[in-house]
Amino acid sequence: MMREYLFRGKEFGTGIWRQGDLSYNRFGEPSIYSNGFGQLVHPETVGEWTGLTDEAGQKIFEGDILRYAKSDGSLSEFATEVRFGTYNCSCCRGVYGWYLSGGGGDIRDFCGYEDAGPYVVVGNIHDNPELLEDLERPTANSVRASQIILAAEEQFKAMIEETRMQITKEDGP
């Protein structure tokens, strides 16, 4: 089954978001074509549809900002940006495709998903740049996770040192 290729971009002058086919004129300016008409759009706003939809059925595009929908209906405190490029995921390295990039370099892949799971589009990087501030600000959970990782690293270092000392003692004079 072939996936639909769909793009969006913000129209010059009106600021209206357009969805459709992407084309470039002889000057290299992008246009979005829909219903036989093309509209020039701001190049930095052009994004491709991931082929996925959010929890509410809204199409997820490159540049969208998502939040995780919890089972109680509330949204998570972290926001994540949809990107396209090369990344390392849980199953393989050097993957080229769609991924979610959150604060502190956190990466979540779309590997194996038929839909985006319980995510909700809350905005995009062009209309809602203030949501990107959430990506930079550490949350209580990310700070706690960092503390746990540091404590585990310290315990691991201590175990290695203890093992070295035992080996030295056994190999001693």
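Buried residues make up 31% of the 173 residues in the protein chain, and keep in mind that this is a predicted model. The chain's accessible surface comes to about 11,500 Å², and 52% of that surface belongs to carbon and sulfur atoms. Among contacts with a separation of 6 or more, 46% are between residues 24 or more positions apart.

**Overall fold**

- The secondary structure adds up to two helices and 11 strands.
- Going along the sequence, the pattern reads β-β-β-β-β-β-β-β-β-β-β-α-α.

**The six-stranded sheet**

- Six strands form an open sheet in the order β4-β3-β2-β1-β5-β6, and the pairing is antiparallel.
- At the edges sit β4 (37-40) and β6 (59-61), each of which pairs on one side only.
- On average, neighbouring strands of this sheet are turned by 50° against each other, direction ignored.
- Strands of a sheet pair through backbone hydrogen bonds, either parallel or antiparallel.
- For a concrete case, take strand β2 (residues 17-24) and strand β3 (residues 30-34), which pair in the antiparallel sense over four bridges.
- If you want a spot to click on, L22 has I32 in β3 as its bridge partner.

**Salt bridges**

- Side chains of opposite charge can pair when their charged atoms come close.
- Searching the whole structure turns up three salt bridges.

*R8 and D64*

- The side chains of R8 and D64 meet in a salt bridge at 2.6 Å, N to O.
- R8 belongs to strand β1 (residues 7-10) and D64 to strand β7 (residues 64-69), so this pair ties together parts that are 56 residues apart in sequence.
- Both R8 and D64 are buried.

*D127 and K10*

- D127 and K10 form a salt bridge through their side chains, at 2.4 Å, N to O.
- This pair links distant parts of the chain, 117 residues apart: K10 is in strand β1, while D127 is in the loop between β11 (119-124) and α1 (130-136).
- D127 is partly exposed, since its relative accessible area is 32%.

*E11 and R18*

- The side chains of E11 and R18 meet at 2.5 Å, N to O, in a salt bridge.
- E11 counts as buried because its relative accessibility is 8%, under the 20% cut-off.
- R18, on the other hand, is partly exposed, with a relative accessible area of 29%.

Note on methods:
Residues numbered from 1 in each chain as written. Predicted model: local features only at pLDDT ≥ 70, side-chain atom pairs only at ≥ 80, totals over all residues. Heavy atoms only, no water. Pairing = 2+ DSSP bridges. Axes fitted to C-alpha atoms, helices over the stretch in contact; angles between N-to-C directions. Buried < 20%, exposed > 50% of the residue type's maximum accessible area, 1.4 Å probe, protein only. Contact = heavy atoms within 4.5 Å. Areas by Shrake-Rupley, 256 points an atom, 1.4 Å probe, with all protein chains shown as cover. Salt bridge = Lys/Arg side-chain N within 4 Å of Asp/Glu carboxyl O.
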